[in-house]
Amino acid sequence: SAAMGHPRAPLPQTPAEAAAKAPGAADAMKEAERVALAWLLESAPGALEAVDLAMSGSEEAARPALVRALKNVPGLLLPMDRQGAVVVTESLPGSPAGVGAPSSVPAGAAGDGEDAASSRGGKRQSPELSDGSDAGGSGSVHAGAAAPAAKRPTLTSAALQKLPATCICIVLCGLHGSGKSALCNILWEVIGGAWLNYDDFANKTQLPKNKTMRQAFNQECSNTLQSTLGGLASAEMRSTKCQMVYVDRCNTSKAHRADLLQVLKRMPWRKRGGKVVLVDFTHSSDTFGYCADGQLSKRYSDPHVALCLSRIEERGAAHPSLRPSAKLRATLQSSARSADALTPEEVTQFDARVSLDVELSPPDAARAVLQELRGHGWLPDLIGTEELIPKTEVAWQAYQRAEEEWRNWAQQNSQPAPSEEWISQCRRACEAERAQEAERQQRVAELRARRARLQHARGSTGANAAAA
């Protein structure tokens with residue numbers, strides 16, 4: 001039109017441009033990006049490779065990968081030049097509302113199907129006026145103005161939550177002996193994944209001088225989550241089932257939970273389709289009370305602590321660090337009193353929360369977690385309930401056998417530590433000294449009694465002689 005002397009008509013403002021100028025533009029753009037990415041991954045699963053490349057900074061390699069994926073989306077019309085090649089620009093038509101047509105596409109290419117088809121070859125509309133008859137509409141469109149974009153499906157936040165998850169991080173929260181490790185073992189046996197056990201890690205890791213165990217475990221969590229996301233970039237891993245990560249730690253402290261949430265925030269976990277699920281353990285006798293910070297929340301009750309204590313004592317030596325002792329009850333009670341309750345702000349940072357009764361058997365607890373994930377639509381390929389029951393029971397029996405073998409091995413190979421041996425020797429020496437002292441005192445008492453009897457006998461003899 002400009003070449004023919006006609007003034008260029010101003011392009012209509014796209015919804016994205018209007019949102020950028022409106023109040024709260026930053027939040028609106030974030031929501032638009034999230035919805036667009038969800039629509040893209042749902043419509044073209046092969047676009048995950050392009051997304052990974054773009055996030056890693058390889059935008060030039062990401063564009064052709066995105067075009068290849070979008071070509072397979074039914075009903076999606078891509079702008080093409082006269083030779084049939086796809087025109088790749090900053091945006092592509094057919095994406096969710098708010099993404100406009102590229103400037104290099106002829107007028108009408110971003111509209112309905114027949115207009116886009118005419119731009120690829122055959123009849124071309126007049127550069128000045130178009131009555132819209134080819135598109136099945138009425139009225140006219142000024143030259144240079146884009147036709148109304150076809151309405152594309154968009155995803156709300158609720159629909160986005162129903163999308164299958166590419167990876168799930170399960171964060172466990174509960175006292176020692178509540179059944180966290182048994183639950184993780186069953187889930188790991190049934191659906192696989194990476195199991196991060198804090199007790200095993202602390203027992204096997206030798207810390208450098210400038211790092212604490214808490215920092216080392218946070219680094220291990222970060223490395224495992226990063227490797228899980230890195231595995232999603234390969235076609236092999238994308239074709240398999242959802243990747244799972246289990247963080248097996250008490251997490252009764254708010255600081256420990258905050259550490260893990262910060263690790264997840266520093267990586268594109270949710271952008272890659274990842275979910276975060278909190279699994280906590282409760283007891284029917286748990287009552288409301290005040291935390292150290294004054295917050296009113298449910299507190300661990302005495303029956304809850306007693307149940308955990310009985311499980312630890314029954315487990316015996318089948319644990320790398322926590323074993324039955326005279327101070328075990330006091331340790332658990334102290335942990336229960338110092339536990340930080342979940343705040344509403346913390347709960348909103350998790351995609352789902354599963355509260356399990358601590359009295360449930362580990363197989364029942366595992367099935368409850370799996371059914372919750374299935375209900376959210378995150379594990380579409382999960383086997384049916386009838387198949388889950390025998391799998392979870394077999395996994396639990398295998399875990400019990402492993403614990404029994406561990407206990408037997410620990411009893412056979414148990415050797416007292418040097419400090420304990422020294423203490424026992426001191427105790428034996430003290431007991432021997434006490435026994436000697438008691439024996440000496442007994443002898444002294446016997447001598448005194450004998451002397452008293454002799455003196456009494458002499459006194460009585462002298463008295464008799466005097467009388468005589």
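Colleague: Which residues are buried in helix α3 (residues 48–55)?
Modeller: Helices here are DSSP runs of H or I with at least four residues, strands are E runs of at least two, and both are numbered from the N terminus. Buried means under 20% relative accessible area, exposed is over 50% and partly exposed is in between (1.4 Å probe, protein chains only). In α3, the ones that count as buried are L48, A50, V51 and D52.

Colleague: Before we go on, what pLDDT do side-chain atom pairs need in order to count?
Modeller: Residues are numbered from 1 along each chain as its sequence is written, and side-chain values use heavy atoms, with hydrogens and water left out. This is a predicted model, where local features need pLDDT of at least 70, totals for chains, interfaces and linings use all residues, and side-chain atom pairs count only at pLDDT 80 or more.

Colleague: What phi does G57 take?
Modeller: Look just after α3, where G57 sits. Its phi is positive, about 100°.

Colleague: Which strands are the edges of the open sheet?
Modeller: Strands pair if DSSP finds at least two bridges between them. This sheet has 5 strands with parallel pairing, in the order β4-β5-β3-β6-β9. An edge strand pairs on one side only, and that fits β4 (194–197) and β9 (352–357).

Colleague: How much are neighbouring strands of this sheet turned against each other?
Modeller: The axes are lines fitted to C-alpha atoms (for helices, over the stretch in contact), with angles from 0 to 180 degrees between N-to-C directions. For neighbouring strands in this sheet, with direction ignored, the average turn is 20°.

Colleague: What is the bridge partner of L172 in β6?
Modeller: β3 (residues 167–173) and β6 (residues 274–282) pair in the parallel sense over 7 bridges. In β6, the residue bridged to L172 is V279.

Colleague: How many aromatic pairs are there?
Modeller: Rings of Phe, Tyr and Trp (its six-membered ring) pair if their centres lie within 6.5 Å; planes under 30 degrees apart are stacked, over 60 edge-to-face, and the rest tilted. By this rule, the count is 4.

Colleague: Why is the F201 and F217 pair called edge-to-face?
Modeller: Their ring centres are 5.7 Å apart. F201 is in helix α8 (residues 198–204) and F217 in helix α9 (residues 213–231), so the pair ties together parts 16 residues apart in sequence. Both are buried, F201 at 17% relative accessible area and F217 at 1%. The label follows because their planes stand at 65°.

Colleague: W396 and Y399 are stacked, but what is the angle between their planes?
Modeller: Both lie in helix α16 (residues 385–412), 3 residues apart, or about one turn of the helix. W396 and Y399 are both buried. Their rings are 5.9 Å centre to centre, and the planes differ by 25°.

Colleague: How far apart in space are G177 and L309?
Modeller: G177 is in the loop between β3 and α7 (180–191), and it's buried at 11% relative accessibility. Beyond four places in sequence, G177 is in contact (heavy atoms within 4.5 Å) with C308, R311 and I312. G177 and L309 are 132 residues apart in sequence, yet C-alpha to C-alpha they are separated by 6.7 Å.

Colleague: Which side chain has a polar contact with that of E346?
Modeller: E346 is in helix α14 (residues 344–348) and is buried at 5% relative accessibility. A polar contact is a pair of N or O atoms within 3.5 Å; within protein, one must be able to donate a hydrogen and the other to accept it, and residues adjacent in sequence count only if both atoms are side-chain atoms. At 2.8 Å, the partner of E346 is R257.
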